[in-house]
Amino acid sequence: MSGAARSLAFKQFQRALERWPKDPLRPECQLQDVLARRLEKGTLAPPSTASLSGAPKEEAELKQVNALYTLLEDRYKVKYRINGQLLEPRSNPSYYTDLVAELEEAPKRTWFGRMAKRLGGLIRFSPS
Amino acid sequence: MACRSCRLNLGLVPLSPRRAVDKRLAQQIFAASQQQQQQTRRLHKTPTRCQQPAPEPNHHHPSAGERVKGGLQKMIFEPMAEKLATVARKTTQPYIVYGATERMYKTCAAQAEYNITKEARRAGQVKTTAEGEEIGVGGGMWHDDFGLLPTFSTWAHVTMLHMYLLVVRLRCLDRDAHHLWQAQLVDHFFHQAEDKMDVVHDMASRTLRQRYLQDLFVQWRGVLLAYDEGVVKGDAVLASAVWRNLFKAREDVDLRTLAAVVSWMRLCLKNLDQMQDAALTIHGPSVFKWPAAKELLGVDKPARALDGIYKETPQKHSTSS
């Protein structure tokens, strides 16, 4: 039944949104919160497919859910895996590890911590 | 380098003979670097998915004046420029990098190119979005297939996306070379951004343009941070970053196109990773020849979590569902 298929798509969509990683740096702008409004509106597919109805509409909705799951399972990161030194750049080998550490630490800083960081960033030591 | 109005004023200043020689020398250095590029083209051995067909032979017959000029060029200027390039590498390197980054940048900027003609503006036919942004006339994949409006911010974000992928690869050069290449690439972008604001959007006020350029710079830094985080962490985080920046966090985003863009970014990074440094500086932008819309076929393959629920139906060549 098309009704049951559609509710299955909705349930899978909701599950995918629950699994979506939360972003501590941008709490007011999260993809899962914005997409959850589609569940309330009752249509998963974007307005470009609004003219469809029946089986094509179900298929369009399932494709949206499928796209979400491909992103959750890191399909593209695995499919196009980087084997070389791209993530250990010669100009700064610890760039990405420093970045991840900074991103972990930044939301937890107090106001004083942020001010201290800003003042420290005004002084730059560079070997020249 | 100078902004547009300064360049216009510079054109009015009569060139001294010494400046004319300097200008010719800089041009020969570009010509010399192009010769080097043709020699090092053979270094690019790793096959990529985008192979260009060989260019057709040129059947141009030079006139007498061109032959004399060509003779002078071959006998005097080119050897001089080559010698200068080897001896005074530090002085000539910025010129070579300027030309090479300009070629790289032009490929990035051409992806989501749009225009608002003066006739349309005079006739009052320029539409605006709900936020007040002017909508021009564009074409190509990003506007037609991905449903992005041909506005300045779309052009800026698509260009920044392409520049970001090149910057990730440029980070793998030595520290000084990396700074030089990235700074020149970004300079080209901001010069053209101001140019577009002035010419296409008729923004005569320099203070207003400066304010928008500062916003754009903050967006560029944000793009670097967000996409770096996505590349390191995973596809979901990268998709969130692309959604916030390229698709402006809008609710009606097509998740298939979002996944296709993420897939295409990972593919470009993989191809850039396999490229050697010399090949990168010559035809780095060749990684962009494979269009992101072709990744939609890979996106529609069923995910493991939907095993049994969603079966892909065989499609003819179409990029929309």
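**Exercise 1.** Which side chains meet in a salt bridge at 3.3 Å, N to O?

*Solution.* This is a predicted model, so the distance comes from predicted atoms. Step one: find the pair. A:R90 and B:D277 meet through their side chains. Step two: check the distance. The N to O separation is 3.3 Å, and the cut-off is 4 Å. Step three: put the pair in context. Seven salt bridges are found across the interface of chain A and chain B.

**Exercise 2.** Describe the extent of the contact between chain A and chain B.

*Solution.* Start with residues. Chain A brings 57 residues to the contact, and chain B brings 56. Next, take the area. The size of an interface is often given as the accessible area lost when the parts come together. Here the two chains bury about 5100 Å² between them. Carbon and sulfur atoms account for 60% of that area. Now look for the main contributors on chain A. A:K63, A:Y80 and A:L86 supply 14% of the area that chain A buries against chain B, more than any other three residues.

**Exercise 3.** Work out what the side of chain A that touches chain B is made of.

*Solution.* First, count polar contacts. Between the chains there are 33 residue pairs in polar contact, with both residues at pLDDT 80 or more. Second, list the elements. Those giving two or more residues are α1 (2–19), α2 (31–41), α3 (55–72), α4 (75–79) and α5 (95–105) of chain A. Third, pick the top contributor. α3(A) gives the most, with 13 residues. Fourth, sort by type. The side of chain A that touches chain B holds 30 nonpolar, eleven polar and 16 charged residues.

**Exercise 4.** Locate the UniProt domain in chain B and describe its span.

*Solution.* The unreviewed UniProt entry lists residues 145–285 of chain B as "domain: Ubiquinol-cytochrome c chaperone". Take the ends of this span. Their C-alpha atoms lie 21 Å apart. Then take its make-up. The span is 77% helix and 0% strand.

**Exercise 5.** Judge where the predictor is confident.

*Solution.* Begin with the complex: ipTM is 0.91 and pTM is 0.80. Go to chain A. Its mean pLDDT is 88, and 97% of its residues reach 70 or more. Within chain A, the element α4(A) has the highest mean, 95, and α1(A) the lowest, 86. Turn to chain B. Its average is 83, with 79% of residues scoring at least 70. Helix α7 (residues 152–170) of chain B is highest at 97, while helix α2 (residues 17–40) of chain B is lowest at a mean of 49. Finally, flag a weak stretch. Over residues 14–22 of chain B the pLDDT is below 50, and this stretch has two contacts beyond near neighbours in sequence.

Terms used:
Residues are numbered from 1 along each chain as its sequence is written. Chains are lettered from A and ligands numbered from 1 in the order in which they are written. Side-chain values use heavy atoms; hydrogens and water are left out. Contact means heavy atoms within 4.5 Å. Buried area is the accessible area (1.4 Å probe) that two parts lose on being put together, summed over both. A polar contact is a pair of N or O atoms within 3.5 Å; within protein, one must be able to donate a hydrogen and the other to accept it, and residues adjacent in sequence count only if both atoms are side-chain atoms. Helices (H or I, at least four residues) and strands (E, at least two) are DSSP runs, numbered from the N terminus. Ala, Val, Leu, Ile, Met, Phe, Trp, Tyr, Cys and Pro count as nonpolar, Asp, Glu, Lys and Arg as charged, and the others, Gly among them, as polar. UniProt positions are given in the numbering used here, feature names are shortened, and annotations may be inferred rather than shown by experiment. pLDDT is the predictor's confidence in each residue, from 0 to 100.
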